[in-house]
Amino acid sequence: MRILIVGAGLAGLSAAWSLHRRGLRDLTVVEALDGPGQGASHANGALLHPSFPEPWNAPGIAWQLLRDLGNEDAAALVRLKQLPQLAGWGLRFLREATPARYLAHSLANMALARHGLPRMAAVREAGIDYAWRPTGSLVLLRTPEALQVARGWSGRLEAAGLRRRWLSADEAVALEPALAPQAGRFAGAIHNLEDERGDALAYCRGLATWLAGQGVALRWRTPVLGLATQGGRVTGVHTTTGERLEADAVVLAAAAHGAPLLRGLGIDLPVRPAKGYSVTFAPAAGAPAPVLPRLAVIDVDLHAAIVPVGDDRLRIAGTAEFCGFDTRIAPRRIDTLVRAAGSLYPMLGGAPAWSRTAWAGLRPMSADGVPLVGPTAREGLWLNTGHGHLGWTQAMGSGELLADLLAGRAPGLDPAPYAPGRYAGL
Ligand SMILES: Cc1cc2nc3c(=O)[nH]c(=O)nc-3n(C[C@H](O)[C@H](O)[C@H](O)COP(=O)(O)OP(=O)(O)OC[C@H]3O[C@@H](n4cnc5c(N)ncnc54)[C@H](O)[C@@H]3O)c2cc1C
C-alpha cells in the first residue's frame with residue numbers, strides 16, 4: 001500500500017515510524033518547510049504529561065473567555081476579529097464543556113498518552129536521542145483551597161490508573177531543591193510519577209534521519225496545495241511545485257493547516273490554531289554552566305510549565321491566543337513568560353549568564369479537545385491531527401493507533417473516542 005503523510009511534525013513522523021514498524025514501507029512524507037519539526041513541534045513545552053489530559057474546554061470556559069476578551073495578559077485570549085473563523089468550531093468547543101464530556105475527554109486523552117509512552121522505548125533503542133528524562137513533574141498549588149479542588153478532580157484520574165503522589169511544600173522542596181526560595185509560597189504539590197520530559201525537535205530530527213535511513217521518502221519544501229480525488233476517493237495530493245503524488249492512503253498530519261486543505265473537498269476539519277509561546281534559557285557563551293532544576297514544574301497560578309530540556313537548558317512555555325495563523329512574537333507575551341520564570345527561579349534574573357530564545361507555535365486544537373486519529377468517511381483519507389496542548393504526549397500513542405488501523409490490526413485501545421467520524425462530514 002502506498003501511503004503519503006502530509007506534515008513532518010510530531011504527528012506525521014510518529015505515524016511514519018509506527019507504519020514502518022508494521023511493515024507498511026511504501027511511505028512518503030511531504031513537508032512544506034525545509035526540515036522536520038519546524039511547526040508546532042519545534043520548541044514546545046518539552047513535557048510528556050499523561051497527568052494533564054484535560055481539554056481546555058473545562059466547564060465554565062465560556063464565562064472565562066468572555067471575561068478575558070480583550071485582556072492582552074490573559075492566559076487564554078480570543079481576538080475579536082477571529083470570531084467568524086471560530087464560529088462553528090467555537091460552538092462545539094463550548095457545547096462539549098459539560099462535566100460529563102470533560103471527564104470522558106480527559107480519560108480518552110490520558111488513555112492515548114499512556115498507550116504510547118512505554119512504546120517510545122523502541123525509539124530510544126533505535127539510537128534516537130531526544131534528551132529523554134523520566135523525572136516526573138511537580139504541580140505547585142498555592143492555597144489549601146486549590147489543593148482541595150485538585151484532589152477532588154484527581155480522584156477520577158487516579159481511579160483510571162494515573163500514578164501520582166501528594167506532597168507537602170517541604171517534601172516538594174526536598175525533591176526539587178531549586179524551589180527552596182519559594183517554599184513558603186505554596187500549600188502543597190502533586191508529583192506526577194508518569195510524566196517525562198524530552199526535546200521534541202531532537203525527536204523529530206532523529207525520526208526523520210532514521211526514516212530516511214530506512215528508505216522512506218522525505219520531501220522537504222513541498223507544500224501540498226490540495227488533495228487529488230477520483231470518483232470521490234482521495235488518490236493523492238497536488239503540490240505547489242505542480243506535481244501530483246499518488247497514494248492509496250493519504251494521512252493528513254498538517255496540524256491546523258489541514259482545515260484549509262480539506263475545505264476544497266467540502267469538509268470542515270474541526271481543528272483551529274491556538275498560538276502559544278516558549279522562551280528557552282541557555283547558559284550564555286563563556287558563562288559557567290548553572291545548576292538547573294531537575295524536575296519539570298507546572299505552576300497553576302502562573303499558567304506555565306518550566307521544564308529543563310536535556311541538562312543545560314530551561315524552557316518556560318504557556319499562554320494561548322486565538323489569532324489565526326499569525327506566528328509573530330508579541331514582546332509583551334514573552335515578557336510575561338520571562339517574569340513568570342524569574343518569579344519561580346530568581347537565578348534567571350541574572351541576565352548576562354543566560355541567552356534567551358523566544359518562539360511561538362500554533363497548537364492544533366480540536367473542537368472537543370481530543371485528537372482525530374483514523375479513517376474518514378472519504379475513502380483514502382486518514383487523519384492524525386488535533387492534538388492541541390498534548391501533541392508531544394500523544395504523538396506515539398496516535399501513531400501506533402493509526403498504524404494499527406491502517407494495517408488492519410486490532411489496536412490495543414478503543415479507537416472510538418478518537419474516530420474522526422464523531423464529527424459530521426468526517
Ligand atoms: C507553546 C507550546 C507548548 C507546548 N507544549 C507541549 C508540551 O509540553 N507537551 C505536549 O504534549 N504538547 C505540547 N504542545 C503541543 C504540541 O507541540 C503540538 O500538539 C504538536 O507539536 C502538534 O504536532 P503536529 O505534528 O500535529 O503539528 P506540526 O508540528 O505543526 O506539524 C505539522 C506539519 O505540517 C506541515 N504542513 C502544514 N501544511 C502543509 C501543507 N499544505 N503541505 C505540506 N506540509 C504542510 C507544517 O509545515 C508542519 O511541519 C505545545 C505547543 C505549543 C505551541
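**Group meeting: the ligand site and its surroundings**

Good morning. I begin with serine 41, where an N or O atom of the side chain stands 2.5 Å from an oxygen atom of the ligand. Please bear in mind throughout that this is a predicted model.

Two further polar pairs involve the ligand. Threonine 393 places a polar side-chain atom 2.7 Å from an oxygen atom of the ligand. At histidine 389 the partner is a polar backbone atom, and a nitrogen atom of the ligand lies 3.0 Å from it. How much of the ligand's own accessible area does the protein cover? On its own the ligand has 1000 Å² of accessible area, and the protein covers 95% of that.

Let me turn to the shell as a whole. There are 38 residues around the ligand, and those that come nearest are Glu31, Ser41, Leu47, Gly388 and Thr393. By residue class, the shell divides into 21 nonpolar, 15 polar and two charged residues.

Which secondary-structure elements supply at least two residues each? They are helix 1, spanning 10–21, strand 14, spanning 271–283, and strand 18, spanning 354–366. Strand 18 provides the largest share, with four residues.

At the level of domains, why does the ligand lie between domain 1 and domain 2? The reason is that both domains give residues to the shell around the ligand. Domain 1 is assembled from the segments 3–44, 60–66, 82–116, 200–270 and 369–422, while domain 2 consists of 132–198 and 273–366.

I return now to histidine 389, whose backbone I mentioned in connection with the ligand nitrogen. This residue sits in the loop that runs between strand 20 (381–385) and helix 11 (395–407). Is histidine 389 buried or exposed? Its relative accessible area is 16%, and buried means under 20%, so histidine 389 counts as buried. The side chain of histidine 389 has polar partners within the protein. A polar atom of that side chain lies 3.0 Å from the backbone oxygen of glutamate 54. The histidine 389 side chain also makes a polar contact, at 3.5 Å, with the side chain of tryptophan 56.

Finally, a word on the cysteines. How many disulfides does the model contain? Taking a disulfide as a pair of cysteine sulfur atoms within 2.5 Å, the count is zero. Cysteine 204 is buried because its relative accessibility is 0%, under the 20% limit. Cysteine 323, with a relative accessibility of 8%, is likewise buried by that limit.

Thank you for your attention.

Definitions and conventions:
Residues are numbered from 1 along each chain as its sequence is written. This is a predicted model: local features need pLDDT of at least 70, side-chain atom pairs count only at pLDDT 80 or more; totals for chains, interfaces and linings use all residues. Side-chain values use heavy atoms; hydrogens and water are left out. Buried means under 20% relative accessible area, exposed over 50%, partly exposed in between (1.4 Å probe, protein chains only). A residue is near a molecule or strand if one of its heavy atoms lies within 4 Å of it. A polar contact is a pair of N or O atoms within 3.5 Å; within protein, one must be able to donate a hydrogen and the other to accept it, and residues adjacent in sequence count only if both atoms are side-chain atoms. Accessible areas come from the Shrake-Rupley method with a 1.4 Å probe; for residues, only the protein chains shown count as cover. Ala, Val, Leu, Ile, Met, Phe, Trp, Tyr, Cys and Pro count as nonpolar, Asp, Glu, Lys and Arg as charged, and the others, Gly among them, as polar. Domain bounds come from an automatic or database domain assignment.
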